[in-house]
Amino acid sequence: MSCQGVCEDYNIDLFYDTVLNLVKSAGELIQEKISSRNKFIEMKSNEIDLVTETDQQVEKLLIDGLSEEFPQHKFIGEESVSSGSQCCLTNVPTWIIDPIDGTMNFVHSFPHSCVSIALFINQKPEIGIIYNPMLNQLFTARRGKGAFLNGEPISVSGKTTLSDALIMMEFGTSRDPEKGTVVLENQKLLMPQVHGLRALGSAALDMAMVACGAADAYFEFGIHIWDIAAGELIVKEAGGIIMDPSGEK
Ligand code: LIP
């Protein structure tokens, strides 16, 4: 099968409808568990890089549900990779999943956490969904069909001057003192030049804020494909651009 532009041989509508139902079920699970004061929490790379039982349950819900419908599809999930699964993107339809982006927020019952899931085919994003059930914010995009918040079209702010901009940036989950120094240096450099700096604790939600024009840019060093896979398509379909710090793709 050749797949120029639209992937004619794939039923993207079916993929979208199926994943949307699963995302809503995942959202119900997150909303049910976020207020618990005795969450089961494990440490990953350090004491601020955490995973909860709900992260794992949501990732399993999504992977099991999608595998049952589409057994040929592949998966790159934050927690599966953390447990040793391969993180390898091929041309095969691949779902890239952050089951709870903003895990630290979830641990603290701070309502800025979301499910972030994207479908890549031929290494191109076809579907992007970011869902914060606590605030009922469902950001969606399909390639070439625009970006939406709860079904309403959204677009980036179009701001072009830094001095008018609200910039999203994150502190990350690294305890590396050098990383901390760089983050603080960037804050010191940017503060006098912008309208403001904000950090939601979730790359996906930061990117969703850019897509709907509530912020004007987001940057972060040291994130993973599952943090940005859905946000990439949603920002692009909202008229924004994605680049690496050198300005390259
Ligand atoms: C989070 C990212 C965020 C980063 C945090 C953390 P998680 O993902 O979305 O941008 O600053 O350190 O990595 O771990 O909550 O899925």
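## One cavity and two unpaired cysteines

The structure holds one cavity of 30 Å³ or more. Keep in mind that this is a predicted model.

**The cavity.** Its volume comes to about 60 Å³. General idea behind the search: rolling a probe the size of a water molecule over the atoms shows where empty space is left. Who lines the largest cavity? Met169, Glu170, Lys179, Val183, Asn186, Phe219, Glu220 and Phe221 do. Helix H5, spanning residues 177-190, gives the most to this lining, with three residues. Sorted by class, the lining of the largest cavity has four nonpolar residues, three charged ones and one polar one.

**The cysteines.** How many disulfides does the count come to? It comes to zero. A disulfide needs two cysteine sulfur atoms within 2.5 Å. The sulfur of Cys87 has its closest cysteine sulfur in Cys88, and because that one is 8.0 Å away, it is too far for a bond. Seen from the other side, the closest cysteine sulfur to that of Cys88 is in Cys87, at 8.0 Å, so again too far for a bond.

As for exposure, Cys87 is partly exposed, and Cys88 also counts as partly exposed. Here are the two cysteines with their values:

| Residue | Closest cysteine sulfur | Relative accessible area |
|---|---|---|
| Cys87 | in Cys88, 8.0 Å | 44% |
| Cys88 | in Cys87, 8.0 Å | 41% |

Technical notes:
Residues are numbered from 1 along each chain as its sequence is written. This is a predicted model: local features need pLDDT of at least 70, side-chain atom pairs count only at pLDDT 80 or more; totals for chains, interfaces and linings use all residues. Side-chain values use heavy atoms; hydrogens and water are left out. Buried means under 20% relative accessible area, exposed over 50%, partly exposed in between (1.4 Å probe, protein chains only). On a 1 Å grid over the protein atoms alone, a cavity is a set of points where a 1.4 Å probe fits but cannot get out, and a pocket is an open set with protein on both sides within 12 Å along at least five of seven lines; lining residues have an atom within 4 Å of a point. Grid points are joined across faces, edges and corners, and a volume is the space filled by probe spheres set on the points. Helices (H or I, at least four residues) and strands (E, at least two) are DSSP runs, numbered from the N terminus. Ala, Val, Leu, Ile, Met, Phe, Trp, Tyr, Cys and Pro count as nonpolar, Asp, Glu, Lys and Arg as charged, and the others, Gly among them, as polar.
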